[in-house]
Amino acid sequence: GRMDELFGAQAGTAKAFLIGVVSELDEELKLDFNATGISHILSVSGLHVGLIVSAAYFLLRQLRAGRHATYFTTMALLAFYVLLTGGRTPVLRAALMCFLWQTGKFLGKRGDGLTNLSVAYIAAVGLHPAAVFDAGLQLSFGAVFAILCLAPIFSRLFRGLGRGLSGILGTTLAANAGTLPI
């Protein structure tokens, strides 16, 4: 209801982008997203989690919130977002990885992506054992696993194109490689 008030006629689009509710999205707009090949941005995922956590962290740091306040507020917002989106697998994976990374940073520890991904996988499957058969889980974890393992290799192949473009191409190829078998 609050989103309907805030966004008016565009509430359906806002709900699709922010929390993955596509049922209220205009059918013509859905077709446009499919036709242009960008319908994946309507599926809440790690991108959304990353944007929300990054924005909260940046805002809190700009407001000069203390280390504890920044950590606990960001983690509370992260938990709220997981609940708001219904705990969908890609959101849960990203939230767990973000929680592990932020908690390690807060405690002064260095973590690594593969360890965080592994713990997130065990937790996600522990919470929903049948999720191992879910394409969302397989795609989410497969893409991130490949990004962590293959993106540096692929990026080196394109290093002549500059750091930014080689990173984008390397990451895109790695994600595609990780999801292709699925």
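These are a few informal notes on the helices, core and aromatic rings of this predicted model.

1. Ground rules. Numbering starts from 1 along each chain as its sequence is written, and side-chain values use heavy atoms, with hydrogens and water left out. The model is predicted, so local features need pLDDT of at least 70 and side-chain atom pairs pLDDT 80 or more, while totals for chains, interfaces and linings use all residues.

2. Helix α2. Helices here are DSSP runs (H or I, at least four residues), numbered from the N terminus. Buried means under 20% relative accessible area, exposed over 50%, and partly exposed in between (1.4 Å probe, protein chains only). By that standard 7 of the 9 residues of α2 (residues 11-19) are buried, so the helix is largely enclosed by the rest of the structure. Among them are K15 and I19. The cover over these buried residues includes α1 (2-7), α3 (27-36) and α5 (67-84). Right after α2 comes G20, with a positive phi near 80°.

3. Helix α7. N116, L117, A120, A124 and V125 are buried in this helix. They span an arc of only 155° around the axis, which puts them on the same side of α7; the arc is taken from the directions from the helix axis to the C-beta atoms. On the other side, I122 and G126 are exposed. What covers the buried residues includes α6 (89-106) and α8 (135-157). At the N-terminal end, D112 acts as a cap, with a side-chain oxygen 3.2 Å from the backbone nitrogen of L114.

4. The core. A nonpolar core is a set of buried Ala, Val, Leu, Ile, Met, Phe, Trp, Tyr and Cys residues joined through side-chain atoms within 4.5 Å. The largest one has 26 residues, and V49, L78, Y81, V91, L137 and F141 touch the most other members. The largest share, 7 residues, comes from α6. Setting aside neighbours within four places in sequence, V49 is in contact (heavy atoms within 4.5 Å) with L78, Y81, V91, A94 and A95.

5. Aromatic rings. Rings of Phe, Tyr and Trp (its six-membered ring) pair if their centres lie within 6.5 Å; planes under 30 degrees apart count as stacked, over 60 as edge-to-face and the rest as tilted. That rule gives 4 aromatic pairs. Y71 and F106 have ring centres 4.3 Å apart and planes at 15°, so they are stacked. Y71 lies in α5 and F106 in α6, so this pair ties together parts 35 residues apart in sequence. F72 and F106 are edge-to-face, at 5.8 Å centre to centre and 70° between the planes. F106 is buried at 15% relative accessible area, whereas F72, at 49%, counts as partly exposed.

How values were computed
Helices (H or I, at least four residues) and strands (E, at least two) are DSSP runs, numbered from the N terminus. A polar contact is a pair of N or O atoms within 3.5 Å; within protein, one must be able to donate a hydrogen and the other to accept it, and residues adjacent in sequence count only if both atoms are side-chain atoms.
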